Amino acid sequence: MNALTRWTAANEVFRTPFDRLFHQAFNEFLAPAEAEQVSNRRFLPAADIRETAEALTLHVELPGLTKDDVSITLENNVLTLSGERKLEKDVQEESYHRMERSYGTFIRTFALPNNLETEKVEAIFKDGVLNISLPKAEETKPRKIVIR
């Protein structure tokens, strides 16, 4: 489960090279030798989480998928995205020299703060990007206090 943490450039500088190296090595280690293993693969779609005074917004990259390929659930302040990107062709008919695009199932979970209006969540899927808007509760939004 991914807890929401604030993004900083310093964290990204140190984390990204290691993550890329680990991800590449791990994917090459799990690369399918047989065509039937392709269906058992998993991938992790990239997600950005942005916060404003009004809402939290998730932007999840899902190129090649449609809204019917994705499922979203929200239970006990845990948002779960799941789905599958299917291989376009029967791999047994062709010989791939390299397969870098990710296929298979995915599941992403995000622990959400308690200050959201969960009944007002909106999801829009456009151009391969899933945008989920999670509005903040009115009582938790910043407000200006008038000095008398």
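Helices (H or I, at least four residues) and strands (E, at least two) are DSSP runs, numbered from the N terminus. With that in hand, here's a walk through this predicted model.

**Start with the whole chain**

Show the protein chain as a cartoon. You should find 1 helix and 8 strands, and if you trace them along the sequence the order is β-α-β-β-β-β-β-β-β. Now switch on the surface. About 11,400 Å² of the protein chain is exposed, and 51% of that comes from carbon and sulfur atoms. Of the 148 residues, 24% are buried. If you look at contacts between residues at least 6 apart in sequence, 59% of them join residues at least 24 apart.

**Stop 1: the hairpin of strands 4 and 5**

Select residues 70-75 and 78-85. Those are strand 4 and strand 5, and they pair in the antiparallel sense over 6 bridges. Want one pair to click on? Take Leu74, whose bridge partner in strand 5 is Leu79.

Next, pick out the turn, where 2 residues sit between the strands. What is phi doing at Asn76? It is positive there, near 50°. Asn77, in the loop between strand 4 and strand 5, also has a positive phi, near 60°. That is worth a pause, since most residues other than glycine have a negative phi. Is Asn77 buried, partly exposed or exposed? Its relative accessible area is 23%, so Asn77 counts as partly exposed.

**Stop 2: another positive phi**

Jump to Asp127, in the loop between strand 7 (122-126) and strand 8. Phi of Asp127 is near 55°, again a positive value in a residue that isn't glycine. Asp127 has a relative accessible area of 71%, so this one is exposed.

**Stop 3: the salt bridge**

How many salt bridges does the structure hold? Just 1. To see a salt bridge, select Lys136 and Glu51 and show their side chains: the closest N and O atoms are 2.7 Å apart. The pair links distant parts of the chain, with Lys136 in the segment after strand 8 (129-135) and Glu51 in strand 2 (residues 47-51), 85 residues apart. Check the two ends against the surface. Lys136 is at 9% relative accessibility, so it counts as buried. Glu51 is at 43%, so it counts as partly exposed.

**Stop 4: a buried arginine**

Now go to strand 6 (residues 104-111) and select Arg108. Which side chain of opposite charge is nearest to Arg108? That would be Asp48, 8.5 Å away. Arg108 is buried yet has no salt bridge, because a salt bridge needs a side-chain nitrogen of Lys or Arg within 4 Å of a carboxyl oxygen of Asp or Glu. Draw a distance to Pro45 instead: the side chain of Arg108 reaches the backbone oxygen of Pro45 at 2.6 Å.

**Last stop: Tyr103**

Finish in the loop between strand 5 and strand 6, where you'll find Tyr103. Is Tyr103 buried or exposed? With a relative accessible area of 6%, it counts as buried. Add Leu87 to your selection and draw a line from C-alpha to C-alpha. Tyr103 and Leu87 are 16 residues apart in sequence, and 6.1 Å apart in space.

How values were computed
Residues numbered from 1 in each chain as written. Predicted model: local features only at pLDDT ≥ 70, side-chain atom pairs only at ≥ 80, totals over all residues. Heavy atoms only, no water. Buried < 20%, exposed > 50% of the residue type's maximum accessible area, 1.4 Å probe, protein only. Lys, Arg positive; Asp, Glu negative; His and termini not counted. Polar contact = N/O pair within 3.5 Å; in protein donor to acceptor, adjacent residues only side chain to side chain. Pairing = 2+ DSSP bridges. Contact = heavy atoms within 4.5 Å. Areas by Shrake-Rupley, 256 points an atom, 1.4 Å probe, with all protein chains shown as cover.
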